[in-house]
Amino acid sequence: MLGPNDVAALISPETEWFSLPGPLTLDSGATLKEGALAYRTWGNLAPDGRNAVLVCHALTGSADADAWWPGLIGEGLALDPAEDFIVCSNVLGSCYGSSGPLAKRPGGEQAYSGDFPRLTIRDIVRAQRQLIDALGIRELRLVIGPSLGGMQTLEWAASYPDLVSAIAPIGVSGRHSAWCIATSEAQRQAIYADPNWQGGHYTPEQAPENGLAAARMMAMVSYRSWSNFETRFGRALQTDSDGGVFQVQSYLAHQGRRINERFDAVSYVRLTESMDTHDIARGRGEYPSVLADLTMPALVVSVPSDVLYPPREQQLLAAHLPNALLVELDSEHGHDGFLIATETLSEEIRHWRASLSTPSAATG
């Protein structure tokens, strides 16, 4: 399980830190007295501050967008540092440099651990807004992200429409469904059932590794699809001996080991709780009307094989966002298709962005 030294080793040397200028009042009523965001940038900010692109990461992602989303950032790709000033920050509550359960409490040496406050997606975006302001950004040419990143993308559009010129929510809905909440709750209960959980107060040496591994196994099943597992694994055994382990079992065990090497259990709990709060219409009005108010161009990307955020949710988004284009990403990999079919995704985004600058798109 991660400790402070392990976290430091996972953070890119290009990472920078932004300290929040003051206490952050959260939707829960709690106050985060001190906070910091780890972030990275690519390209240069234009003198007028209007060429920025914000990339928002998924559940266990980091500020290293070039690592977890290969094929989208680079010359001639969807996000080109020659033209775009690209920013990606690690969200509050995570464990890749931003303030979260592994961070030290203000004025002390002890980590927050299980006492780190609950967050909403809006809390996460409010903190990001302070970073964007500090960087001198006057316009976000595009806000883009998959899954948890897509939730942030939509929240950016609803909270700061005067700052956001276009959005690309990918593999996400406008509000977390009962299906997704149930999936997350089952994962959290697996963590809570680990004897080492202790309310989130544990040492790296006595961490709920079995619980977090089981949670990740559940998640991986929801991130992929029946056809993907059937094609990749079928009923093949890892060994030919009687009673051998199926290859798909070995794959899930591997994913469980990996998550313990790179993520924190309390962060996993807090961020899945944040995802459950996602409802673009909360406190704003009726769901269709709130979406109708988001008039900036929107590229809504759906993966037909996604069982976690099924296509009907992206279809609903596109039907109510007044300037939306719905694109299906052809992938049998399920929800994780946006991390795998990146060449196709990059082309779709690049073509859509090019269309926004044409006269027909500007007057349509």
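**Exercise 1. A charge over a ring**

Task: Find how far Arg129 lies from the ring centre of Tyr160, and then look for the ring under Arg175.

Solution. Arg129 lies over the face of Tyr160, 4.7 Å from the ring centre. Keep in mind as you work that this is a predicted model. Now move to Arg175: the ring beneath is that of Tyr287, and the distance to the ring centre is 3.9 Å.

**Exercise 2. Naming an aromatic pair**

Task: Are the rings of Trp156 and Tyr160 stacked, tilted or edge-to-face?

Solution. A pair of aromatic rings is described by the distance of the centres and the angle of the planes.
- Step one, the total: the model holds 10 aromatic pairs.
- Step two, the geometry: the centres of Trp156 and Tyr160 are 5.2 Å apart, and the planes meet at 55°.
- Step three, the verdict: planes under 30 degrees apart would be stacked and over 60 edge-to-face, so with 55° the pair of Trp156 and Tyr160 is tilted.
- Step four, a second pair: Tyr192 and Trp197 are also tilted, with 5.5 Å from centre to centre and 45° between the planes.

To finish, place these residues by accessibility. Trp156 is buried, because its relative accessibility is 0%. Trp197 is buried too, with a relative accessible area of 11%, whereas Tyr192, at 29%, counts as partly exposed. Elsewhere, Tyr96, Phe263 and Tyr268 make up one aromatic cluster.

**Exercise 3. Helix H4 from end to end**

Task: What span should the 12 residues of helix H4 have at 1.5 Å a residue, and how many of these residues are buried?

Solution. Start with the length. The expected span is 1.5 Å times one less than the number of residues, so residues 148-159 should span 16 Å, and the end C-alpha atoms of H4 are indeed 16 Å apart.

Next, the burial. In H4, 11 of the 12 residues are buried, including Leu148, Met151, Glu155 and Trp156. These buried residues pack against strand E5 (52-55), H3, strand E7 (140-146), strand E8 (167-170), helix H9 (265-276) and helix H11 (311-320).

For practice, repeat the length check on helix H8. Its 16 residues, 247-262, reach 23 Å from the first C-alpha to the last, close to the 22 Å expected. Among the buried residues of H8 are Tyr251, Leu252 and Ile259, and the cover over the buried residues includes H6 and helix H7 (226-232).

**Exercise 4. Inside the core**

Task: Which residues have the most contacts inside the largest nonpolar core?

Solution. The largest nonpolar core has 76 residues, and those with the most contacts inside it are Leu54, Leu140, Val143, Trp156, Ile167, Ile191 and Tyr268. Take Ile167 as an example: leaving aside neighbours within four places in sequence, its contacts include Leu142, Val143, Leu154, Met296 and Trp352. Another core, of 27 residues, lies apart from the largest one and has Trp42, Leu72, Leu79 and Leu299 among its members.

**Exercise 5. Two side chains to compare**

Task: Is His57 buried or exposed, and is Trp179 buried or exposed?

Solution. Begin with His57, in the loop between E5 and helix H2 (65-68). His57 counts as buried because its relative accessibility is 0%. Its side chain makes a polar contact with the side chain of Asn90 at 3.2 Å. Beyond four places in sequence, His57 also touches residues including Trp68, Pro146, Leu148 and Gln152.

Trp179 lies in helix H5. At 54% relative accessibility, Trp179 counts as exposed. Now look along the chain: Trp179 and Leu308 are 129 residues apart, yet their C-alpha atoms are separated by 7.6 Å. Outside four places in sequence, Trp179 touches Val307 and Leu308, and its side chain reaches the backbone oxygen of Val307 at 3.0 Å.

**Exercise 6. Positive phi**

Task: What is phi, approximately, at Ser113 and at Gln198?

Solution. Most residues other than glycine have a negative phi. Ser113 has a positive phi of about 50°, and phi of Gln198 is also positive, near 50°. Then locate each residue. Ser113 is in the loop between strand E6 (85-89) and helix H3 (121-134), and it counts as buried because its relative accessibility is 15%. Gln198 is in the loop between helix H5 (178-192) and helix H6 (209-223).

Conventions. Residues numbered from 1 in each chain as written. Predicted model: local features only at pLDDT ≥ 70, side-chain atom pairs only at ≥ 80, totals over all residues. Heavy atoms only, no water. Phe/Tyr/Trp six-rings, centres within 6.5 Å; stacked < 30°, edge-to-face > 60°. Buried < 20%, exposed > 50% of the residue type's maximum accessible area, 1.4 Å probe, protein only. Lys NZ or Arg CZ within 6 Å of the ring centre and 35° of its normal. Helix = DSSP H or I, 4+ residues; strand = E, 2+ residues; numbered from the N terminus. Contact = heavy atoms within 4.5 Å. Polar contact = N/O pair within 3.5 Å; in protein donor to acceptor, adjacent residues only side chain to side chain. Core = buried A, V, L, I, M, F, W, Y, C linked by side-chain atoms within 4.5 Å.
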